[in-house]
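Dear colleague,

I am passing on the structure below, and my notes on the ligand site and on one tryptophan follow it. Please read them with the model open beside you.

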Amino acid sequence: MFDDLKALAAAARGRRILDLFSADPDRARQFSAETGNLYFDYSKTLIDDDIRNALTALCDKAGVAERREAMFSGHKINETEGRAVLHTALRNLDGGPVKVDGQDIMPEVLDTLRRMQVFAEEIRGGAAQGGGGSITDVVNIGIGGSDLGPVMATLALSPYHDGPRVHFVSNVDGAHIADTLRPLDPTRTLVIVASKTFTTVESMTNARTARAWMIEGGGDPDRQFAAVSCALERTEAFGIPGERVFGFGNWVGGRFSVWGPIGLPVLIAIGSHAFDAFLRGGQAMDLHFRSAPWNRNMPVMLALVGIWHRQVLGYATRAVLPYDQRLARLPAYLQQLEMESNGKSVAMDGSTLTVPSGPIVWGEPGTNGQHAFFQLIHQGTDVVPCEFMVAAEGHEPELAHHHRLLLANCLAQSEALMRGRSVEDARQMLAGQGMTGAELERQARHRVFPGNRPSTTLIYPKLTPFTLGQIVALYEHRVFVEGTILGINSFDQWGVQLGKELATSLGPVLEGEADPASRDGSTAALIEYVRRHQR
Ligand code: F6P
């Protein structure tokens with residue numbers, strides 16, 4: 001599939017990214033994409049015209065345009081689950097019809113959004129009360145896609161918070177819920193149980209614990225519980241009144257669901273106006289994705305840079321490095337979005353993938369990462385393509401000098417990765433410091449940076465709700481394009497099932513009700529250890 005590109009990669013071996021800039025003074029403009037107020041620079045990679053042409057040709061070969069339209073118009077492109085993929089309908093605010101099985105889903109989408117807005121405003125304004133008065137705290141119980149999106153967006157948009165405090169409990173580790181609930185007033189806390197299936201053992205266990213806590217503390221679960229789910233019969237069985245249940249269709253995948261009812265805690269935190277701007281940002285990215293030519297199309301080029309680095313050059317990981325503390329949870333969010341979507345070795349038709357699957361995605365905000373793992377990124381033996389992100393300005397005008405330092409560090413890192421430092425430069429630097437002879441030679445080697453390490457930079461004016469919507473939709477569409485080129489189904493996640501099944505069967509063993517002898521030797525020994533150390 002990538003033969004042409006592999007040949008181009010072989011021809012580019014030994015080429016320096018920095019030299020591409022000397023050869024083409026217009027390179028930065030040529031190898032960047034802009035939409036609205038976002039600017040995506042991929043010029044600090046080895047991609048040149050020929051490579052880009054070969055990459056964009058992949059889109060035509062893989063039928064990206066056809067599949068993109070099939071997605072937007074409700075075709076069941078999630079073939080292994082027989083489902084449409086329509087998270088884009090959740091931000092289709094202008095409400096043009098979107099049909100699934102011949103039925104326009106937009107009236108229900110917009111009606112649910114209105115109900116969420118009314119509910120959020122009641123909570124924010126104090127009209128909806130807990131047993132002890134107005135709601136001061138909201139606890140969202142959910143995991144995976146029912147947690148990571150709202151967690152990430154709530155933190156990202158903290159300058160816009162003017163509602164109750166919002167907390168998140170995801171882990172089945174009792175420490176998570178215990179530490180979260182401890183300081184809260186059970187009579188003034190709203191619990192949202194967010195689970196697409198309403199069967200996920202972590203969320204159901206946490207929901208029952210939260211209900212017991214509330215009852216014990218004098219709260220009123222009938223007034224203080226809400227649910228977000230596709231399984232309305234299960235929310236009813238759990239005892240959550242229908243007026244506080246917000247449903248969505250199974251055409252929204254968990255990791256793509258922050259735009260709809262799963263975004264309820266974000267909406268409660270920031271209010272309808274800001275949440276609307278977030279949706280509009282996502283919608284703006286949809287319009288761009290559907291209309292821009294491949295080489296100016298930001299999600300497409302982000303995806304093609306990903307393919308170039310992972311499938312063609314073979315780099316196993318990519319680092320997402322937001323120089324934006326409020327995007328601290330974006331790497332975790334993108335880990336699920338990208339790795340649960342494209343971490344697969346079977347193609348849509350059931351055949352074995354003949355190329356590497358999606359990469360390992362990891363990262364941390366800058367500048368913190370610089371003082372932790374950047375050593376390896378600069379001088380390690382593996383090349384890690386880096387995706388930098390930064391705002392032109394922060395939300396704290398009184399701390400503009402902080403922001404200047406943040407920006408300087410972000411831009412310096414991508415420059416340093418590309419430039420590197422030769423042994424001659426290292427020698428000169430040390431000689432300038434008075435070092436001589438064998439010691440200079442020895443020390444110089446440690447100061448060499450190979451350089452020529454690729455990175456991209458996404459820059460935006462300020463992290464507003466609209467911008468965040470653009471960024472999240474940008475990455476969603478990147479996942480779609482990469483998955484389409486690889487020929488895999490980005491919208492199922494069978495790989496998470498086996499562990500869940502084994503955990504269920506291990507429960508009785510840990511309870512002492514079943515014999516550990518049937519497990520493998522390692523697992524049996526670990527179970528024995530637990531039994532010996534539990535009182
Ligand atoms: O871990 C698998 C998964 O199914 C994710 O895809 C999903 O986001 C998460 O579990 C939570 O599922 P639910 O929203 O149904 O509780």
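A residue is called buried when its relative accessible area is under 20%, exposed when it is over 50%, and partly exposed in between, using a 1.4 Å probe and the protein chains only. The model is predicted, so local features need pLDDT of at least 70 and side-chain atom pairs count only at pLDDT 80 or more, whereas totals for chains, interfaces and linings use all residues. Residues are numbered from 1 along each chain as its sequence is written, and side-chain values use heavy atoms, with hydrogens and water left out.

By the first of these terms Trp-213 is buried, because its relative accessibility is 19%. Trp-213 belongs to helix 9, which covers residues 201–216 (helices are DSSP runs of H or I with at least four residues, numbered from the N terminus). Between Trp-213 and Thr-200 there are 20 Å from C-alpha to C-alpha, at a sequence separation of 13 residues.

Thr-200 brings us to the ligand, since a polar side-chain atom of Thr-200 is 2.5 Å from one of the ligand's oxygen atoms. A polar side-chain atom of Glu-340 lies 2.6 Å from a ligand oxygen, and a polar backbone atom of Lys-196 is 2.7 Å from an oxygen of the ligand. The protein buries 87% of the 390 Å² that the ligand exposes when taken alone (accessible areas by the Shrake-Rupley method with a 1.4 Å probe).

With kind regards

How values were computed:
Polar contact = N/O pair within 3.5 Å; in protein donor to acceptor, adjacent residues only side chain to side chain. Helix = DSSP H or I, 4+ residues; strand = E, 2+ residues; numbered from the N terminus.
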